[in-house]
Amino acid sequence: MAESVLGTSSLVVSLPEAALSLPKALPAKRRTVPEAAIGTALIAVLCLFLLLIIALPLGTLLIKSLEAPDGGMAGLSNFRTYFATPTLVDALLNSLTVAGIVVALVVPLAFGYAYALTRTAMPFKALFLALALLPLFAPSLLSGIALTYILGNQGFLRGLLFGHSVYGPIGITLAECLYAFPHALIILVTALGLSDGRLYEAASAMGTSRLRTFVTVTLPGARYGLVSAAFVVFTLVVTDFGIPKVIGGQYPVLATDAYRQVVGQQNFPMGAVVGLLMLVPAVLAFIVDRLIQRRQSSLLSARSVPYEPKPHPVRDRLVLVYAMLVAGVIVGTYGVAVWASFIRYWPYNLGLTLDHYDFAAADSDGWSPYWNSLAMALSVAAIGTMTVFCGAYLIEKLKLFPAGRAFAQLLAMLPLAVPGLVLGLGYVFFFNAPWNPLNVLYGTLALLVINTLAHYYTVAHVTATTALKQIDPEFEAVSASLKVPFWQTFRRVSLPICLPTVLELFVYLFVNAMTTVSAVIFLYGPSTKLAAIAIVHMDEAGTTAAAAAMASVIMATALGARLALALVNRFVIARAQGWRRREATA
Amino acid sequence: MTLRDATPFLRVSGLSKRYGAFTALDGIDLEIGRGEFVCFLGPSGCGKTTLLRLIAGLDRQDSGRIVIGGVDVSTAPPAARDFGIVFQSYALFPNLTVAANVAYGLVNGRMPKAQVTARVAELLALVGLPEQGPKYPVQLSGGQQQRVALARALATSPSLLLLDEPLSALDAKVRTRLRDEIRQLQKRLGITTIMVTHDQEEALAMADRVVVMNRGAIEQVGTPAEIYRNPATAFVADFIGAMTFLDARVGSARQIRVGAVDLVCEDGRGFVPGSPVRLGFRPEEIRVGNVRPTDVNAFQVRVRSLEFLGAFTRARLEPSLDLGGSLVADVSANLHGDLALTEGQYLYVSLPPAALRAFPVAARP
């Protein structure tokens, strides 16, 4: 379009004579920076760092499971002991049972919700998506605490349980459903969103019934998403520690067993065995997910067009009712926990008070765990964003040291297959070992930061890599031809282009660091107790209202961070990145 | 060609590159003179881009040597080789203004700021975009973006300019204009230039010499006229322009037997009499008008179909005698009007002996 501005005047005609000489602009000889050496060194450092924070702790866990309690090698005898001990096997079976039930409940529920969000003309989709994602912003155990208020011994709806106690499998199952719902929803929304509208047009052109279209087009397209969601939910439930701790009562599961073995009985080898058992579904999920992604990519071609749902009053009204029910249960449950944190004495005195936010009354540490959490989460976000993004850049954009880059990539993908509790156990064994000079870190905030970073490394890494892949791969080639080293291009081009992603990473890491319990439960020291751990302690001590209050503060902080991101994106990024818009800016 | 001097500016010898089992380049030898404009031409996957990237140092060859300006740069990183490059995607930095893009390689050169500004203005004037400095790339058209990429590549006054399919992403009109402009600019600056393209018209129009590549090897190097008129291989003949091939057998003294017909052919190429060859000729070289049955290489054909293509009409001709295949002839619009060809019509055509080329049978394109 702007081509016409030039009219027919060719650039050759308008050449100023002076330009033709094109004087040598640069001195002939220039000091060359040892770019390749620096790049290779940086990749090596990245490999070492990932090895230290991911591979070595996991390796130690593996070795520990083969050790006898006295330190000698015991081979597989720990595993034999495990399966010969009925109480331990019970916990394993309990975990599998609960996880199976949660999958059976959550995946269909989330599928219906995702269907409403992607395939219908239901109003307020953005709002319903946001409401359903609420559990991501709170520690998992908040849903457990909320259920004790609702269905517990003093709960206002306990009649619904017909005399059964919420403390045990019922409570765990319900709380895990709430906690796992958004995780399944995200996967299914993505799977259903990636559909080819042409297939629906073709089906409709051939006069196919709605039901048949659903069975022959919709379900096959979402099949991989369903499998993936099922595995993710299963893994989440098997490895979650917070909920069984709060609402599990006397019902043993793997996660609480691992904690009991390590913290309670100091039986490290048996703790390692339990950890490895928890690793099994996670690794399976990881492998299945890889396989699925390979197949999924072939479903959509560049010629696909997105599906645009058309209004259908009856269906849209039905799914609206359904979405309101589901979102209502989620928001209601979490709302009860927040409300309860302001209640004077549940359920006898429903007067409002801020007393429960005076944490010193419930726990001698007072507010300090919250500040620890904040410091830890900010550190993880700041250090993690930098490390992850720079690391992804080195792996994705540099051509040097292919073996090193492949190794770093492998290590970066590993944490996705490792539940937090398992990683935490690995850290206990590795960073608490007398032979390890790094054991000075044990109990420090620094170790909590490193552990949390390792725990959430993969998702952040994949996000950064995806953003970097969208940048023209020739930028580095052009820079090299202009004799500009890669770190200049990183600073002047890649980083500014990826700024929205970088902020996204920051908030992702911050929110998860604020809410995580499972990995850090083994690693905190007397002066570095985190807010999420304080919740566990206060709940254990019976000061449930204070626990709910602390969880509410965490949730408010995490939501605040997400809101701040939205505002920054809306106002700051939009203004600072005028280059994304086609219209000229004044 | 007049710009070439005795010692080549760029010399590539024995260059090979494999990707796993796939041989991208197989022992390439090539010399390019100072100030020459050379096109690497070939179908996708022929290795032309790989060769360009090896010369730039963006990929590393498995074996072979690259000498630029008398310096062996075979193992040197890109930054140590003196070149500017323009990609098909332009690869303009979207978050930097046009001026900052052009200045990108200058700022790093510790050049005083005022000098950088002056140089950027000079370069933008050079590519015909004097007022566009403060804009961002997204605000420019494709053709303008490609000019900016060109200015950026020229900013550091490299001695070698590499163009990797620079015009492929543009629409036809802009492509033709920019093609002329790049060529004029290159001539005036006298900068040695290599351009990769799969578009034969582009290569013929722009290059001093064309390097035709196929399956990781060079098929022919020559001026556009040379490779068009005297294609060294059946591949080149078929890839550059169109060519009809017929199975033939070399006869005695300038005779070649095609089916039941003996033709006079001046292109013997030392084939042993009796050996099978593939006989090729271009559609526009078949003489259609004013052919008498007694003319050299004249024979009768029936017009099977006519395809109107604007400036000319493509006629599919069925020989009355067996030639082992049908012929394709391009008839100019004028001649077509004079002859008033109709489908099913019988007429005499001839194949001028100079237009016939014999290729070895193995070199089936």
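## Salt bridges, rings and local backbone in chains A and B

Lys245(A) and Glu540(A) form a salt bridge in which the closest N and O atoms are 2.4 Å apart. Lys245(A) belongs to helix 10 (residues 242-247) of chain A and Glu540(A) to helix 22 (residues 531-540) of chain A, so the pair ties together parts that are 295 residues apart in sequence. Lys245(A) is partly exposed, with a relative accessible area of 22%, whereas Glu540(A) is exposed, at 52%. The structure described here is a predicted model.

### Salt bridges

Side chains of opposite charge can pair when their charged atoms come close. Over all chains the count comes to 26 salt bridges. Three of them are set out below.

| Salt bridge | N to O distance | Burial |
|---|---|---|
| Lys245(A) and Glu540(A) | 2.4 Å | Lys245(A) partly exposed, Glu540(A) exposed |
| Arg315(A) and Asp316(A) | 3.2 Å | Arg315(A) buried, Asp316(A) buried |
| Arg53(B) and Asp59(B) | 3.0 Å | both buried |

For the pair in the middle row, the relative accessible area is 13% for Arg315(A) and 10% for Asp316(A). Both values fall under the 20% cut-off, so the two residues count as buried.

The bridge between Arg53(B) and Asp59(B) is part of a network of salt bridges that also includes Glu474(A). The network therefore has members from chain A and chain B.

### Chain B and its helix 1

Chain B contains ten helices and 19 strands. Its C-alpha atoms fill a box of roughly 80 × 45 × 40 Å along the principal axes. Of the 365 residues in chain B, 54% are buried. The chain exposes about 14,800 Å², and carbon and sulfur atoms supply 52% of that area. Where contacts in chain B join residues at least 6 apart in sequence, 67% of them join residues at least 24 apart.

Arg53(B), already met in the salt-bridge network, is also one of the buried residues of helix 1 of chain B. Which residues of helix 1 of chain B are buried? They are Lys48(B), Thr50(B), Leu51(B), Leu52(B), Arg53(B), Leu54(B), Ile55(B) and Ala56(B). Because eight of the nine residues of this helix (residues 48-56) are buried, it is largely enclosed by the rest of the structure. Gly57(B), just after helix 1 of chain B, takes a positive phi of about 85°.

### Loop residues

Two residues that are not glycines also have a positive phi: Lys483(A), at about 65°, and Ser157(B), at about 50°. Lys483(A) lies in the loop between helix 19 (475-481) and helix 20 (486-497) of chain A. Ser157(B) is placed in the loop between helix 5 (142-154) and strand 7 (160-164) of chain B. Are these residues buried or exposed, in whole or in part? Lys483(A) is partly exposed, with a relative accessible area of 23%, while Ser157(B) counts as buried at 3%.

Gln132(B) is found in the loop between helix 4 (113-126) and helix 5 of chain B. Its relative accessible area is 10%, so Gln132(B) is buried. Leaving aside residues up to four places away in sequence, Gln132(B) touches Val98(B), Leu140(B) and Gln144(B).

### Aromatic rings

The count of aromatic pairs over all chains comes to 24. One of them joins Tyr357(A) and Phe359(A), whose ring centres are 6.1 Å apart with 45° between the planes, a tilted arrangement. Tyr357(A) and Phe359(A) are both buried. These two residues belong to a cluster linked by ring pairs, together with Phe342(A), Trp367(A), Tyr370(A) and Trp371(A).

Rings also lie under charged groups. In chain B, Arg152(B) lies over the face of Phe93(B), at 4.9 Å from the ring centre. In chain A, the charged end of Arg570(A) sits over the ring of Phe571(A), 5.2 Å from its centre.

### A nonpolar surface patch

Phe571(A) is also a member of a nonpolar patch on the surface, formed with Leu563(A), Leu567(A), Val568(A) and Val572(A). Together the patch residues have about 460 Å² of accessible area. Val572(A) lies in helix 23 (residues 544-576) of chain A and is partly exposed, with a relative accessible area of 49%.

Note on methods:
Residues are numbered from 1 along each chain as its sequence is written. Chains are lettered from A and ligands numbered from 1 in the order in which they are written. This is a predicted model: local features need pLDDT of at least 70, side-chain atom pairs count only at pLDDT 80 or more; totals for chains, interfaces and linings use all residues. Side-chain values use heavy atoms; hydrogens and water are left out. Rings of Phe, Tyr and Trp (its six-membered ring) pair if their centres lie within 6.5 Å; planes under 30 degrees apart count as stacked, over 60 as edge-to-face and the rest as tilted. Buried means under 20% relative accessible area, exposed over 50%, partly exposed in between (1.4 Å probe, protein chains only). A charge sits over a ring if NZ of Lys or CZ of Arg is within 6 Å of the ring centre and within 35 degrees of the ring normal. Patches are made of residues with over 30% relative accessible area and no salt bridge: like charges are joined within 9 Å, nonpolar side chains (Val, Leu, Ile, Met, Phe, Trp, Tyr) within 5 Å. Accessible areas come from the Shrake-Rupley method with a 1.4 Å probe; for residues, only the protein chains shown count as cover. A salt bridge is a side-chain nitrogen of Lys or Arg within 4 Å of a carboxyl oxygen of Asp or Glu. Helices (H or I, at least four residues) and strands (E, at least two) are DSSP runs, numbered from the N terminus. Contact means heavy atoms within 4.5 Å.
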